[in-house]
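Let's take a walk through this model, one piece at a time. Keep the 3D view open and turn it as you read.

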Amino acid sequence: MAGKLSLMLGVAAFLLAQNASLPSGANYDETKVAPYVLLDPLKTTNGGEITTVRAWEQARGRWISLFEENVFGTVPPGARSFRIHPRVTESDAPALDGLALRTQVEIPLTTTPIGPLMHLLLYLPAKHAGKVPVILGLNFAGNATVASDPGIRPTDVWTPGAKRGEPARLVPFDESKRGSQSSEWQVERVLRAGYGVATVYYGDIEPDAKTFEGTHGVRAAYPSTPGQPTWGALSAWAWGLSRATDYLLTNRHVNSKEIAITGHSRLGKATDWAAATDPRFAAVLSTESGKGGQSLYRRNFGENIAHLQHSFPYWFTAKFADWVGHDDMIPVDGNVLLALIAPRPLYVASAQDDLYSDPEGEFESARDVGSIYALFGKHGLGIDRRPPVNEPVMHDVAYHIRSGKHDVTAFDWEQYLKFMDQEFGSPLARAGSSTGGTP
Ligand code: GCU
């Protein structure tokens, strides 16, 4: 009896410890999820059925508008017509013990000298034959955090105000943070598989704060047009991803048909939206983008619109606030967002302990897009239930739920690289040689 009691206490302590890391106030009880019906992207406004690619391509525009109006906002005309004039500050410098060639580029995001400036870091495998497929993603903490490479230029980063409610400030890069996100980026692993990696610090594009010191970011530079859905920060980051791609397309070593994008969490939401709106992204590797991204508002599990709106109102267009408490009524959802990526290869990744993002909702979105991929003769997940933990399912749509917490890990990257190889052919095999470097 005593043994049983201590076992029960042990289990309770374990569950408490696990839940301690989950934000409170959200539902984590599957039995309390109210029944829901997913939006059907294959239904027309008058109840008809979309059965051809042509009809789907026509319907896409309406969904994009609905996302703009209700979630992300509209990119103002000034930003829409902006053309980049990149300044390459370093080109193909040997880096990472001979494994890579490093290029760094400054991309002003306005035509004025004091406007926001984006710093792009590009690594290509040192030994490559022909054009290189590149995986592009925004990073959370500065380019110099993605690898322990003394050659990455340190740039200012945002730091939260010292006290609650104080505005965020731009501060010089802290050298002790160099390489601190290496495990999330796995740059060497990606290069050894024959892929390039490109990244930009998201704070270069738009600060991630309710309030911040001074005037920064592209939303201040390109104010929303009165009467149009206000431009949220997620949309600004997505716009930045497209500007990074404008540069990548000018680089003669980059395979313009094989630029994939990746993003984690809030940057996954920005990534999903970037891919929905910019067809130049050839594949999407979306990690735990949760509510507002690949997960379902309609499933009352984990984060909800009230949480998002309370903590991050500036991520969204003003109208998003109208959906607080009406998560089941918002006229768009994660399954539709992912549908807008079809027919391009799409990898959706969840993590077992990341209940706030609602892994089941992420899976159901990924499963649901199978019908859109089928229109194009592509293969969706082809399974009804979530696969076991750490057992990826990879067709043209891929999914895994990894053990562990909200994060990007070596396991995630290993699957992404396998998936890219599957969809485009391994760059190593195509080059018929190894990229070399130390294993
Ligand atoms: C918060 C937010 C999530 C987001 C996450 C992240 O938890 O509520 O929606 O995905 O931050 O970006 O790490």
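Are the two faces of S10 covered or open? Both are covered: on one side Leu346, Val348 and Ser350 are buried, and on the other so are Tyr347, Ala349 and Ala351. Put differently, six of the six residues in this strand, which spans 346-351, are buried. Bear in mind as you look that this is a predicted model.

Now zoom out to see where S10 sits. The sheet around it is open, has 10 strands and mixes its pairing, in the order S1-S2-S3-S7-S4-S8-S9-S10-S12-S11. At the edges are S1 (87-95) and S11 (393-394), each of which pairs on one side only. Strands in a sheet pair through backbone hydrogen bonds, and they can do so parallel or antiparallel. S10 has a partner on either hand in that order, S9 and S12. With S9 (residues 283-287) it runs parallel, joined by four bridges. If you want a landmark there, find Ser286, whose bridge partner in S10 is Val348. With S12 (residues 397-402) the pairing is parallel too, this time over six bridges. Two landmarks help on that side: Tyr347 has Ala398 as its bridge partner in S12, and Ala351 stands opposite Arg402.

Stay with Arg402 for a moment, as there's more to it than its place in the strand. Its side chain meets that of Asp412 in a salt bridge, with 2.9 Å from N to O. Arg402 is in strand S12 while Asp412 is in helix H13 (residues 410-424), so this pair ties together parts that are 10 residues apart in sequence. How accessible is Arg402? Its relative accessibility is 3%, so it counts as buried. Asp412 is buried as well, at 0%.

That pair belongs to a longer list, since a search of the whole structure turns up 25 salt bridges. Another one worth clicking on joins Glu206 to Arg219, where the closest N and O atoms are 3.0 Å apart. Glu206 is in the loop between strand S7 (196-201) and helix H6 (218-221), and Arg219 is in helix H6 itself, 13 residues apart. The two ends sit in different surroundings: Glu206 is buried, with 2% relative accessibility, whereas Arg219 is partly exposed at 22%.

Next, go to helix H7 (233-248), which holds a salt bridge of its own. Arg243 and Asp246 both lie in this helix, three residues apart, or about one turn. An α-helix has 3.6 residues a turn, so residues three or four places apart point the same way. The closest N and O atoms of Arg243 and Asp246 are 2.6 Å apart. Arg243 counts as buried at 11% relative accessibility, and so does Asp246 at 17%. The linking doesn't stop with these two, either: Arg243, Asp246, Asp278 and Arg280 form a network of salt bridges.

H7 also takes us to the nonpolar interior. Which residues touch the most other members of the largest nonpolar core? They are Tyr123 and Trp237, in a core of 121 residues. H7 gives the most to this core, with 10 residues. Tyr123 has a long list of contacts beyond its neighbours in sequence, including Ala95, Leu96, Leu101, Ile152, Val187, Leu191 and Val197. Not every contact is nonpolar by name, mind you: Arg102 and Asp149 are among the residues Tyr123 touches.

H7 has company in helix H2 (residues 53-72), a helix with a kink of about 25° centred on Ala59. Ala59 is itself buried, and among the other buried residues of H2 are Trp56, Trp63, Ile64, Phe67 and Phe72. What do the buried residues of H2 pack against? They pack against H7, along with H3 (77-80), H8 (266-277), H10 (334-339) and H12 (370-375). Right after H2 comes Gly73, which has a positive phi, near 85°.

Last, a label from the records. An unreviewed UniProt entry lists residues 196-375 as "domain: 4-O-methyl-glucuronoyl methylesterase-like". In this model, the span is 34% helix and 16% strand, and its end C-alpha atoms lie 31 Å apart.

Key
Residues are numbered from 1 along each chain as its sequence is written. This is a predicted model: local features need pLDDT of at least 70, side-chain atom pairs count only at pLDDT 80 or more; totals for chains, interfaces and linings use all residues. Side-chain values use heavy atoms; hydrogens and water are left out. Buried means under 20% relative accessible area, exposed over 50%, partly exposed in between (1.4 Å probe, protein chains only). Two strands pair if DSSP finds at least two bridges between them. The bend at a residue is the angle between axes fitted to the seven residues ending there and the seven starting there. Contact means heavy atoms within 4.5 Å. A nonpolar core is a set of buried Ala, Val, Leu, Ile, Met, Phe, Trp, Tyr and Cys residues joined through side-chain atoms within 4.5 Å. A salt bridge is a side-chain nitrogen of Lys or Arg within 4 Å of a carboxyl oxygen of Asp or Glu. UniProt positions are given in the numbering used here, feature names are shortened, and annotations may be inferred rather than shown by experiment.
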